Amino acid sequence: MRELAADAEDARIIGIRGTIKHDAGAYMPWGVVLPWIAATTVPGPYVIPNFKLDVLCAFTNKVPTSPVRGAGRPEAAVVMERLVDRVAHDMKLDRAEVRRRNFIQPSQMPYKVGIIFRDGRPVTYDSGDYPTCQAQALKAAGYEDFRARQAAARKQGRYIGLGFGNAVEATGLGPYESATARVSTSGKITVYTGATPQGQSHKTTLAQIAADHFGCTPDDITIVTADTAATGLGVGSFAARTAVNAGSSVHLAAKAAADKIRQFAAAMMEVAEEDIELENGFAKVAGSDMKKSFREIAAVAVGMPGFSMASGPAPGLEATSHFTPDQSTYSNGTHVAEVEVDVETGEVKILRYVVMHDCGHVINPMVVEGQVVGGVIHGVGNAFFEHMLYDAGAQPTSTTFADYLLPIATDSPNVEVLHMETPSPLNPLGLKGAGEGGTIPAIATLISAVEDALAPFGVRLAEAPITPARIVALLAEAQSKRS
């Protein structure tokens, strides 16, 4: 149950209230994390002066639930975006305009939402430009001329629709991640981290961060992940947190190790430390031909038996850092989808999908794009295919992948990913998480697009997934009401 009150004059949101009922299954391995995340994600990028959401968790005789990509946030985005669409529909206003009137403005950052997140910290958006994010996404998707294209398609008997959705995501959760940067006596650079990659290209991005400090290429850096023999402390990959936490700890450790190279090199060549430049495995004196290799410097840094190092830098070219965030950092994004619905069969074709994604400073655009595209396809499954069904005795009837459908290549749109960068002030690299932003607004966006396509029939959607059979049934219901 959810309700929204808006000012009748300018459609500004006055308040939201409702109830979340969470079927936890037989037990709760993650406690109340999922409904808590969902409840605190509902406000999204909008100014909501009054907010009340009751959360009810129920034990049932179904299998237990656990987090998956988005972890309660897609459901929250559906609620908020569907409510805003309803305001636009009832007040006969443009959907984008209603959102513009209610966006938190960049000048309001950091913005205190007024609720507490799962980490025990107040929800405080650290940075972002939500109006610009939406405006650029809609421009890229051809929003201005869509109604003309839609009218032309309807004359041809084709029903196309455009939907869009916004979301704000808490990322970079603590408690910490650790990293050690080490230059061995062979001159090779190795970075050890407790982060645990699952295919997100952590080794690539962390190597890029370290390479910036050592004046080398990422190929010159060896990244060792989740090896407890080398790193005893590590938390794991979840909640879009690795770039923020492991990335920041690698940054700090690599910077400290590179500073030690400069200290030893300066002493060896009898120059000022600030005159030392690191480049391609050498410490060079700026403006001269004097240089020492990392290998030479590392040999000196480990010391010589019987000789004192008391007056110089601490032994070894190694540094360890544990980055501990004070609070979550908040990514955001706008998704825009154009779809065509076959009103005879209920089939939905995604004609175009555009994402404007803001995860702060982008380390590697290709990696972020891969994360976002994968997330969108996950969202396509949520919106159109995936449905866990049970019989009256709570026995699963979705027992195989013939019953529980997943999107395949022919269901996957060509996702156009655009990057926006509003750096976070909460970590040294200005990073925000990117792992789940492709999924979170996807259901809301696609359902909105389908509803827009079916507007001539008076179909209103407040559910997911929307299967072809369900679309045909809803069209039949709408027809019977009109007759």
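Which element gives the most to the lining of the largest pocket? The legends below take up that question first and then move around the rest of this predicted model.

**Figure 1. The largest pocket and its lining.** The answer to the opening question is β2, which contributes seven residues to the lining of the largest pocket. The pocket holds about 1,800 Å³ of space, and 47 residues line it. If you would like to find its centre, look for H22, T65, E75, I443 and A464, the lining residues that lie nearest to it. Four elements, β2 (13–25), α1 (33–41), α2 (73–90) and α9 (365–384), each supply at least two residues of this lining. By class, the lining of the largest pocket has 26 nonpolar, twelve polar and nine charged residues.

**Figure 2. The second largest pocket.** Here the volume is about 710 Å³, and the lining is made up of 37 residues. Nearest the centre of this second pocket are Q200, A240, R241, Q371 and G435. Two or more lining residues come from each of α1, α6 (202–214), α7 (242–269) and α9. Both α1 and α9 should look familiar, as each also supplies at least two residues to the lining of the largest pocket. Sorted by class, the lining of the second largest pocket has 19 nonpolar, twelve polar and six charged residues.

**Figure 3. The largest cavity.** Now for the enclosed spaces: the whole structure contains six cavities of 30 Å³ or more. The largest cavity has a volume of about 60 Å³. Its lining consists of A167, E169, S331, N332, G333, H357, G437, I440 and P441. Two elements, β6 (159–171) and β14 (329–341), give two or more residues to this lining, and β14 gives the most, with three. Three residues of the cavity lining are nonpolar, five are polar and one is charged.

**Figure 4. A nonpolar patch on the surface.** Three residues, V32, W36 and I116, come together as a nonpolar surface patch. Their accessible area adds up to about 240 Å². Within this trio, I116 belongs to strand β4 (residues 111–116). I116 counts as partly exposed because its relative accessibility is 41%, between the cut-offs of 20% for buried and 50% for exposed.

**Figure 5. Two cis peptide bonds.** Most peptide bonds are trans, so the two views here deserve a friendly second look. One cis bond joins G174 and P175, with omega at about 10°. P175 sits in the loop between β6 and β7 (177–183). Another cis bond joins A464 and P465, and there omega is about 0°. P465 is found in the loop between α10 (442–453) and α11 (468–482). You have met A464 before, among the residues nearest the centre of the largest pocket.

**Figure 6. Positive phi at K92 and E270.** Most residues other than glycine have a negative phi. K92 has a positive value, with phi near 55°, and its place is the loop between α2 and α3 (95–102). K92 counts as exposed because its relative accessibility is 75%. E270 likewise has a positive phi, near 55°, and lies in the loop between α7 and β10 (276–279). Is E270 buried or exposed? With a relative accessible area of 72%, E270 is exposed.

**Figure 7. A buried glycine, G236.** G236 is placed in the loop between β9 (221–225) and α7. G236 counts as buried because its relative accessibility is 6%, under the cut-off of 20%. How far apart are G236 and G381 in space? From C-alpha to C-alpha they are 26 Å apart, with their positions 145 residues apart in sequence.

**Figure 8. Stepping back to the whole chain.** To place the close-ups in context, this view takes in the full predicted model. The chain contains eleven helices and 16 strands. Along the principal axes, its C-alpha atoms fill a box of roughly 100 × 50 × 45 Å. Of its 483 residues, 49% count as buried.

Notes
Residues are numbered from 1 along each chain as its sequence is written. This is a predicted model: local features need pLDDT of at least 70, side-chain atom pairs count only at pLDDT 80 or more; totals for chains, interfaces and linings use all residues. Side-chain values use heavy atoms; hydrogens and water are left out. Patches are made of residues with over 30% relative accessible area and no salt bridge: like charges are joined within 9 Å, nonpolar side chains (Val, Leu, Ile, Met, Phe, Trp, Tyr) within 5 Å. Accessible areas come from the Shrake-Rupley method with a 1.4 Å probe; for residues, only the protein chains shown count as cover. A salt bridge is a side-chain nitrogen of Lys or Arg within 4 Å of a carboxyl oxygen of Asp or Glu. Buried means under 20% relative accessible area, exposed over 50%, partly exposed in between (1.4 Å probe, protein chains only). On a 1 Å grid over the protein atoms alone, a cavity is a set of points where a 1.4 Å probe fits but cannot get out, and a pocket is an open set with protein on both sides within 12 Å along at least five of seven lines; lining residues have an atom within 4 Å of a point. Grid points are joined across faces, edges and corners, and a volume is the space filled by probe spheres set on the points. Ala, Val, Leu, Ile, Met, Phe, Trp, Tyr, Cys and Pro count as nonpolar, Asp, Glu, Lys and Arg as charged, and the others, Gly among them, as polar.
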